[in-house]
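Trainee: Could you take me through the charged side-chain pairs in this one, starting with a close look at a single pair? I'd like to see how it sits beside the others, and what the cysteines are up to.

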Amino acid sequence: MTTPRDILVTSALPYANGPIHIGHMVEYIQTDIWARFQKMRGHNCWYVCADDAHGTPIMLRARQEGISPEALIARMAEEHQADFAAFRIGFDNYHSTHSPENQHYSSLIYERNRDAGHIVKRTITQAYDPVEQMFLPDRFIKGECPKCGAADQYGDNCEACGASYSPAELKHPRSALSGAVPEQRESEHYFFRLGDFEELLKRWTRSGSLQKEVANKLDEWFAAGLQEWDISRDAPYFGFEIPDHPGKFFYVWLDAPIGYMASFQNLCDRTAGLDFEQFWGKDSVAELYHFIGKDIIYFHALFFPAMLHGAGFRMPSAIFAHGFLTVDGQKMSKSRGTFIKARTYLDHLNPEYLRYYFAAKLGAGVDDIDLNLEDFTARVNADLVGKVVNIASRSAGFLTKRFNGRLSGTLSEPELFAQLVRAGDSIANAYERREFSRAAREITALADLANQYIDGKAPWVIAKQAGRDAELQDICSMGINLFRVLIGYLSPILPGTAADSEAFLKIAPLTWDTIAEPLLDHEIAPFKPLMTRVDPKQVEAMLEASREDLSAEPAPLSKHLARDPIAKTVDFETFAKTDLRVALIREAQRIEGADKLLRLTLDLGGETRTVIAGIRSAYDPDELVGRLTVMVANLAPRKMRFGISEGMLLAAGPGGQDIFMLSPDAGAAPGMKVK
């Protein structure tokens with residue numbers, strides 16, 4: 001029996017701005033398997049998480065839906081936790097960064113670093129949206145890439161050529177919120193002096209606390225020099241106001257990782273004997289581990305440890321980064337139906353299928369993993385249904401019918417049982433090192449041995465022969481004991497199936513130590529199927545449902561009129577708010593995969609907009625370039641299947657080739673208002 005360890009485990013906080021998808025689930029399944037294994041070993045292991053509930057995107061989405069940010073994050077918290085529970089993610093506590101505990105620790109860490117001289121104030125120039133009357137985050141500024149000229153790129157990097165730059169370098173920048181040309185305005189901001197901790201961080205990143213690939217990546221940042229980190233944002237902003245600085249708010253990435261501390265404090269407040277300082281205090285000897293995606297290493301491996309140290313808290317024992325998920329070898333795609341929400345998956349398939357498949361793919365490194373759907377079906381059916389569950393089903397029926405569910409009083413093949421038990425040390429080592437794919441391989445190899453035993457003994461043959469009842473009972477009892485060992489080893493991966501198996505076996509929840517104890521002269525319950533085979537039709541239905549989640553292409557105006565010929569009336573003042581402008585068509589392009597749409601670049605007299613219009617059946621793109629038309633210029637940008645449309649082209653007609661763009665009067669010029 002090993003000495004119990006004190007372990008605190010966290011996963012990165014999901015953003016409360018949208019649903020969980022199966023790419024997210026890689027991390028939560030990985031973390032949950034590791035935490036469940038530690039608990040099976042008898043360690044004092046706690047697993048906490050929370051919703052990341054602050055920031056501009058949440059504020060804007062709430063405004064778009066006409067609800068408060070608090071209402072939005074409450075709804076998302078309920079959805080997230082329902083999805084996690086269905087996937088058997090066993091959090092000991094799930095909280096929110098929009099909480100009193102998080103406000104307390106965010107302010108405390110800020111104040112301690114400020115008092116120690118690690119926070120400085122200076123004036124910066126930022127992009128400002130004069131229409132929305134707010135400073136714009138980089139991702140809310142769009143324009144042409146200054147490197148390659150690609151249109152419709154974000155303010156911090158180009159998705160076409162991969163270049164990074166500042167929003168000020170964008171060509172023809174515009175607000176993604178209002179379409180207005182951003183203004184440059186000054187504002188006082190607060191910065192964390194990350195460079196104060198450079199030597200500390202260099203030692204820590206090479207101490208074994210990070211995977212080698214991650215430590216090598218951080219060397220690039222050290223070589224470039226650690227820059228001060230802007231930790232403040234201007235109002236309006238949904239978050240915590242900085243103490244003593246009205247109108248200034250903590251940047252979401254400051255309080256997000258502090259959410260780990262807040263969630264654990266919330267757990268401590270509700271759990272007798274659990275002490276916050278024991279795990280987070282400067283002199284803590286407890287183990288603290290963060291599981292994260294490789295895209296957020298910078299915040300977790302540099303900023304967060306530095307701020308913790310500067311505020312007198314301990315640094316993590318280790319950070320475990322993982323790669324991204326691809327599906328069928330490609331990035332998850334909405335058009336192919338492979339951008340699969342957790343809830344969509346759950347509507348069609350057993351969550352433990354995915355837990356097992358991810359485990360069978362996951363190693364200790366940061367490599368991406370691929371969900372090959374054909375391999376997924378074959379592996380689950382072969383490994384879980386065909387090998388593991390099959391052992392129980394092949395053995396239990398005879399025991400129930402012939403022996404009232406009673407197992408033999410001795411093991412007929414003690415050496416085979418001992419062979420499976422001895423493998424436990426190697427499997428435990430694989431779990432501990434997060435080499436889940438190795439653990440899965442070793443367990444399925446043991447399942448092969450168990451099936452070979454049953455095949456060799458052929459209990460279905462013996463059952464037909466008189467005088468061999470004792471032998472039949474021994475063989476089937478041996479099969480049940482082998483199954484029990486296997487399901488014990490798989491319990492961290494398949495907690496639901498393990499619980500059902502424990503009910504079938506009429507035993508208490510398995511621990512790593514009790515796996516080695518055979519069931520002798522013990523009564524089991526009648527067998528019920530523990531897992532069914534994956535039907536490829538289920539997988540296809542899931543993909544189809546994911547495709548159906550997409551917003552449909554906009555229907556021609558004539559279809560809307562035919563469906564609802566009498567539109568709801570509006571008063572003149574409401575109609576007068578519509579800003580109709582003359583626009584010059586600079587570019588017109590076909591959109592691959594869209595039969596009805598064209599992507600137009602419209603010039604409004606010095607400002608360009610990208611508009612996606614359903615006029616392809618009526619117009620040749622080459623003939624449109626240079627023409628004047630009329631557009632609704634103050635329509636909020638809309639994210640569509642093939643990109644963002646920043647306005648609406650005015651056209652009418654029954655559809656097909658009979659779609660007629662509205663043309664302005666002779667003498668009109670781009671940007672002119674239409675009255």
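Mentor: Start with Lys 217 and Glu 220, whose side chains meet in a salt bridge, 3.1 Å from N to O. Keep in mind that this is a predicted model. Both residues sit in helix H6, which runs over residues 212-224, and they are three residues apart, about one turn of the helix. As for solvent, Lys 217 comes out partly exposed at 38% relative accessibility, and Glu 220 is partly exposed too, with a relative accessible area of 48%. Side chains of opposite charge can pair when their charged atoms come close.

Now zoom out a bit. Searching the whole structure turns up 43 salt bridges. One of them joins Arg 355 to Asp 32, with the closest N and O atoms 2.7 Å apart. Here the link is between distant parts of the chain: Arg 355 belongs to helix H11 (residues 351-361), Asp 32 belongs to helix H1 (residues 22-40), and 323 residues separate them. Take a look at the surroundings as well, as Arg 355 and Asp 32 are both buried. Contrast that with the pair in H6, where Lys 217 is partly exposed and so is Glu 220.

Another one to click on is Lys 457 with Glu 413, where the closest N and O atoms are 3.6 Å apart. This pair also links distant parts of the chain, 44 residues apart: Lys 457 is in helix H15 (residues 436-457), while Glu 413 is in the loop between helix H12 (373-403) and helix H13 (414-422). Lys 457 is partly exposed, with a relative accessible area of 33%, and Glu 413 is partly exposed at 27%. Then there's a group that goes beyond a simple pair: Arg 61, Glu 65, Arg 75 and Glu 79 are joined into one network by salt bridges that share partners.

On to the cysteines. A search of the whole structure finds zero disulfides. Take Cys 158, which is in no disulfide: the nearest cysteine sulfur belongs to Cys 145 and is 3.7 Å away. A disulfide needs the two sulfur atoms within 2.5 Å, so a spacing of 3.7 Å doesn't count. Cys 158 is buried, at 1% relative accessibility. If you want a second cysteine to look at, Cys 476 is buried as well, with a relative accessible area of 1%.

Note on methods. Residues numbered from 1 in each chain as written. Predicted model: local features only at pLDDT ≥ 70, side-chain atom pairs only at ≥ 80, totals over all residues. Heavy atoms only, no water. Buried < 20%, exposed > 50% of the residue type's maximum accessible area, 1.4 Å probe, protein only. Salt bridge = Lys/Arg side-chain N within 4 Å of Asp/Glu carboxyl O. Helix = DSSP H or I, 4+ residues; strand = E, 2+ residues; numbered from the N terminus.
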